[in-house]
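Dear colleague,

I am handing over the structure below, and after it I set out what was found there. Please read the notes with the structure open beside you.

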Amino acid sequence: VHGKMEIVPQSPAHSDQSDNEIKQLYTDNIIAAPDSAYTLEFRRQTPVQQKLIYTVKFDPEENRYIALGYSDGCIGIYKVSNLEKLTTLGEAAITEEKLPIGGLRWRPKPTMSKDRLLVSAGVDGSISYWNPLLNKLVHTIKPEKKFSDLLCLDYSKDATRLAAAGRRRAIKIIDDEKRVVCAKLRPKGQQLPGHSNRIFAVKFDETGKTLVSGSWDMTVKVWDVNSGTVVHSIYGPEINGDAVDVYTGGDLIVTGSHRSKEALQLWSLSYGKLVENIEWDPEKVQDSAHIFSTLFDKNGYKYIAGCGSGKNEARLFEKKMEKSYTFSCGVVNLPAACSSIDFSPKENLIAIGCCDGICRIFEKVDKGKTQSVTDSDIQAKPDNQLITITPVSYTHLTLPTKAQVQISVVAGSLKKK
């Protein structure tokens, strides 16, 4: 919680091996269900950092940037296309304690008039608004008391409210326009009780009127935000990270527990009842799971992603029926525990933040379409020949004269030459 996790010594694969050797290392550890139509392919990774990654978040609007929250309180901003580092936020504010970033959220962009903002919650209790492209701190909400560690936050879809929580067990609701705490969710009297331990996850539903929170006290709470009351208490999940998400249209909550049994579960948002225990590992390895992060994809809610420290792994689960998800594909035996995972807005890319300070990006691809080509491969083809290509990370392609090109899969930007 306080950034005291030991940094795992770096594998030689990160420092001495070529990109192709690193890719092959990950390829050997990619797994897929026999009946799955998809698998994962490694794309790229950030350079080695001597600090842990606590949270990763794609820019949900443009899919151009990714933000990494580190254990020393800094935030790295990278381009998604090549993981080029653009800037580091918060370097000037680092103290000797080096308190980590508890949570990150990009501000939703309902209108074009709003600046692109990133909001961070610090274990020092502060909430900071950043303009990441200008490397500018726009505003800070300072903690009211000492030991007010914040470990999570979330925006309502309309960007009018922000929820933040952590050590003090009360959930703060922030008016985003005024940037002040306007309410605290903390039941009193005869109401259903709130949390009795640290809160690691908060998520608004689509309407912004309901909030779901997960805690280390082995409960998940469903809140009516306007009244500040607990509507349902779900008992059992051991939340130890950003491991709660909401699918309002499907009336579902997904929880990821830091344990090996019944680690990934679906619950009814309306009734707080268990819908399904999703089998995390079909091979039933007992030390698997121990989930730190889980979420639905926001492009149709067809997938659930989760990652953890059991086998230093990340897994995808595909929706097979109305309220049933099964294992599709994943990657195991990474060099360090996986602390955070996120889908890109278009669903094809998955970012995994790890405790060795590296963010690894994989792509979900159709089985049988895992072969990509280089620019030189295309130029070597004769004129007038039909070329079928699967570009992955190109910013441009140089094509031979009079070539007919059939694009089968495009991930990223493709500029015509």
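Leaving aside neighbours within four places in sequence, phenylalanine 317 is in contact (heavy atoms within 4.5 Å) with Leu264, Ile278, Glu279, Trp280, Lys302, Tyr303, Ile304, Tyr325, Thr326, Phe327 and Ser328. One of these partners, tyrosine 303, is 14 residues away in sequence, while the two C-alpha atoms lie 5.4 Å apart in space. Phenylalanine 317 belongs to strand 25, residues 313-321, where strands (E, at least two residues) are DSSP runs numbered from the N terminus. With a relative accessibility of 0%, phenylalanine 317 counts as buried, a word that means under 20% relative accessible area, whereas exposed means over 50% and partly exposed lies in between, using a 1.4 Å probe and protein chains only.

Please bear in mind that this is a predicted model, in which local features need pLDDT of at least 70 and side-chain atom pairs count only at pLDDT 80 or more, while totals for chains, interfaces and linings use all residues. Residues are numbered from 1 along each chain as its sequence is written, and side-chain values use heavy atoms, with hydrogens and water left out.

Two residues other than glycine have a positive phi: aspartate 251, at about 55°, and glutamate 262, near 50°. Aspartate 251 sits in the loop between strand 19 (244-247) and strand 20 (252-256) and is buried at 16% relative accessibility, whereas glutamate 262, in the loop between strand 20 and strand 21 (264-268), is partly exposed at 48%.

Finally, a search of the whole structure for disulfides, meaning pairs of cysteine sulfur atoms within 2.5 Å, finds zero.

Best wishes

Methods:
Helix = DSSP H or I, 4+ residues; strand = E, 2+ residues; numbered from the N terminus.
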